[in-house]
Amino acid sequence: MTERLYYNDSSLLTFDAQVLEVAEDGRRVYLDRTAFYPTSGGQPFDTGTLGGVAVTDVVDEESRVAHLLAGPLSAGMSVAGKVDWPRRQDHMQQHTGQHLLSAVLHDLCGCATLSFHLGNESCTIDIAAPSLTAEQIAATERRVNELIRECRPVTVSYEDADEAAGLRKASRREGTLRIVSIEGIDRSACGGTHVSSTGAIGCLQIRRLDKIRGNLRIEFLCGRRATERARRDFDALSAIARAFSAPVDDTPALVKAQMERLQEAEKSRKKLAAEVAGYEGRRLFEETAASADGVRRVLRRAARGAADDELRILAQAFTAGGKAVFLALFEDPPAILLAASRDSGVNAGEVLKATLAANGGRGGGNAQLAQGTVASRPALEAVLTQIETTAWR
């Protein structure tokens with residue numbers, strides 16, 4: 001059994017220990033005691049060194065802790081351990097911040113926390129609620145930061161599972177529980193590392209909300225992560241403000257107005273493009289000579305792209321002249337469009353659906369307009385050959 005020193009002192013960074021057992025050529029090491037936290041409860045493992053060798057992973061094996069190393073150690077030797085402080089401190093801030101956030105969400109919104117994940121860039125909790133209002137989120141964040149500024153003590157105690165009362169979330173563990181308490185705010189069974197005062201969390205920032213299987217996922221940042229993210233956000237906003245030659249506070253309204261102007265401009269562009277495409281289709285019809293059967297046919301090829309609205313309008317304008325068939329091929333990605341007038345003798349949907357199915361493609365449409373895709377250029381050429389056989393001659 002490994003004595004877990006971090007249980008009683010999360011700020012302990014150095015310790016001495018005996019190597020009890022090794023595996024994997026000495027790179028998987030078991031000690032009699034350790035201050036290294038193993039991945040557990042949504043919190044990642046600590047890094048640092050053991051006997052001067054880098055610790056690359058720490059694994060919880062129930063009664064003992066495995067240390068995975070960059071180099072080998074030998075059983076029976078004494079080693080000095082050193083935990084990386086910036087990583088440990090960051091994890092302590094995020095984890096205690098999570099306890100505080102979960103407690104405030106429970107008190108203010110009646111929401112239970114279902115799970116917690118501490119990632120490299122951000123942290124998340126999933127709560128049992130389909131949604132929260134902007135006002136609830138603002139009130140929650142404000143209350144959490146008030147409690148951080150109050151520097152409430154964070155303490156660790158050990159209680160029998162049958163006698164532990166007042167826990168925010170009931171524990172399914174039996175025997176002795178490690179209880180992490182935030183004075184007057186929260187009591188939770190937890191094996192993680194925590195700061196000794198809420199003030200050491202620094203601050204908490206709620207970043208975003210996502211709906212996950214009927215529940216709500218809240219992304220948040222604490223401490224250094226929050227301040228660094230706030231700096232990056234401000235730098236980005238400042239760059240936008242400089243582009244508008246306006247104060248930062250005015251940029252949301254300016255960006256909204258600019259987006260509205262762009263949307264109106266895009267509507268106008270699409271309208272004009274449709275008119276031009278219609279004109280081009282009619283012009284193409286006039287310039288295309290009819291075949292011996294009286295049908296005008298056009299084949300267009302493009303190396304890249306796909307059938308867009310303008311091309312469909314052009315094709316329909318071309319076939320609107322009567323007795324006309326329009327075919328367009330695109331090589332990357334392999335795609336095809338077929339349009340036919342009602343009096344051309346060609347049912348575009350039936351022809352294209354059959355040829356696509358014969359060549360592993362997919363698509364469809366109606367009698368006048370159809371389109372689809374295939375997996376390769378050879379398949380595209382095969383489709384073309386079949387269409388030329390059925391609809392081109």
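1. The cysteine C151 has a relative accessibility of 43% and therefore counts as partly exposed, its value falling between the 20% under which a residue is called buried and the 50% over which a residue is called exposed. This is a predicted model, and what follows should be read with that in mind. The cysteine sulfur closest to that of C151 belongs to C203 and lies 13 Å away, which is too far for a bond. For C203 in turn, the closest cysteine sulfur is that of C222, at 7.4 Å, and this distance is also too far for a bond. Because a disulfide requires two cysteine sulfur atoms within 2.5 Å, neither of these pairs qualifies, and the count of disulfides for the model is zero.

2. On the overall fold, the protein contains seven helices and 20 strands. Its radius of gyration is 33 Å, well over the 21 Å that the globule rule gives for 393 residues, so the protein is more spread out than a compact globule. A box of roughly 95 × 55 × 45 Å, taken along the principal axes, holds the C-alpha atoms of the protein.

3. How much of the protein is buried? Of the 393 residues, 42% are buried, while the accessible surface amounts to about 20400 Å², with 50% of that area belonging to carbon and sulfur atoms. Where contacts between residues at least 6 apart in sequence are concerned, 59% join residues that are at least 24 apart. As for charge, the protein has 49 positive and 52 negative charges, and the mean positions of these two groups are 6 Å apart.

4. Two buried residues may serve as a way into the structure. G349 belongs to helix α6, which covers residues 348-358, and with a relative accessible area of 9% this glycine is buried, because the value is under 20%. Beyond the residues up to four places away in sequence, G349 touches G365, N366, A367 and A370; with one of these, A367, the separation is 18 residues in sequence but 4.9 Å in space, taken from C-alpha to C-alpha.

5. The second of them, T124, sits in strand β10, residues 123-127, and is likewise buried, with a relative accessible area of 16%. Once its neighbours within four places in sequence are set aside, the contacts of T124 come from two stretches of the chain, namely S115, F116 and H117 on the one hand and R217, I218, E219 and F220 on the other.

6. Strand β14, residues 204-212, includes K211, a lysine whose relative accessible area of 66% makes it exposed, since the value is over 50%. Leaving out neighbours within four places in sequence, K211 is in contact with P130 and L216. The C-alpha atoms of K211 and S131 are separated by 7.5 Å, although these residues stand 80 apart along the chain.

7. Q371, in strand β20 (residues 369-373), offers a case of another kind. At 30% relative accessibility this residue counts as partly exposed, and its C-alpha atom is separated by 43 Å from that of A236, a residue 135 places away along the chain.

8. Some backbone details deserve a careful look. Most residues other than glycine have a negative phi, and most peptide bonds are trans. Against that background, the peptide bond that joins D332 and P333 is cis, with omega at about -5°. P333 is found in the loop between β17 (324-332) and β18 (334-340).

9. Which sign does phi take in D25 and in S245? In D25 phi is near 60°, a positive value in a residue other than glycine, and in S245 phi is also positive, near 55°. D25 lies in the loop between β2 (14-23) and β3 (28-31), whereas S245 has its place in the loop between α3 (223-244) and α4 (251-287). Both residues count as exposed, D25 at 73% relative accessibility and S245 at 68%.

Key:
Residues numbered from 1 in each chain as written. Predicted model: local features only at pLDDT ≥ 70, side-chain atom pairs only at ≥ 80, totals over all residues. Heavy atoms only, no water. Helix = DSSP H or I, 4+ residues; strand = E, 2+ residues; numbered from the N terminus. Rg over C-alpha atoms; globule rule 2.2 N^0.38 Å. Buried < 20%, exposed > 50% of the residue type's maximum accessible area, 1.4 Å probe, protein only. Contact = heavy atoms within 4.5 Å. Areas by Shrake-Rupley, 256 points an atom, 1.4 Å probe, with all protein chains shown as cover. Lys, Arg positive; Asp, Glu negative; His and termini not counted. Charge placed at Lys NZ, Arg CZ, Asp CG, Glu CD.
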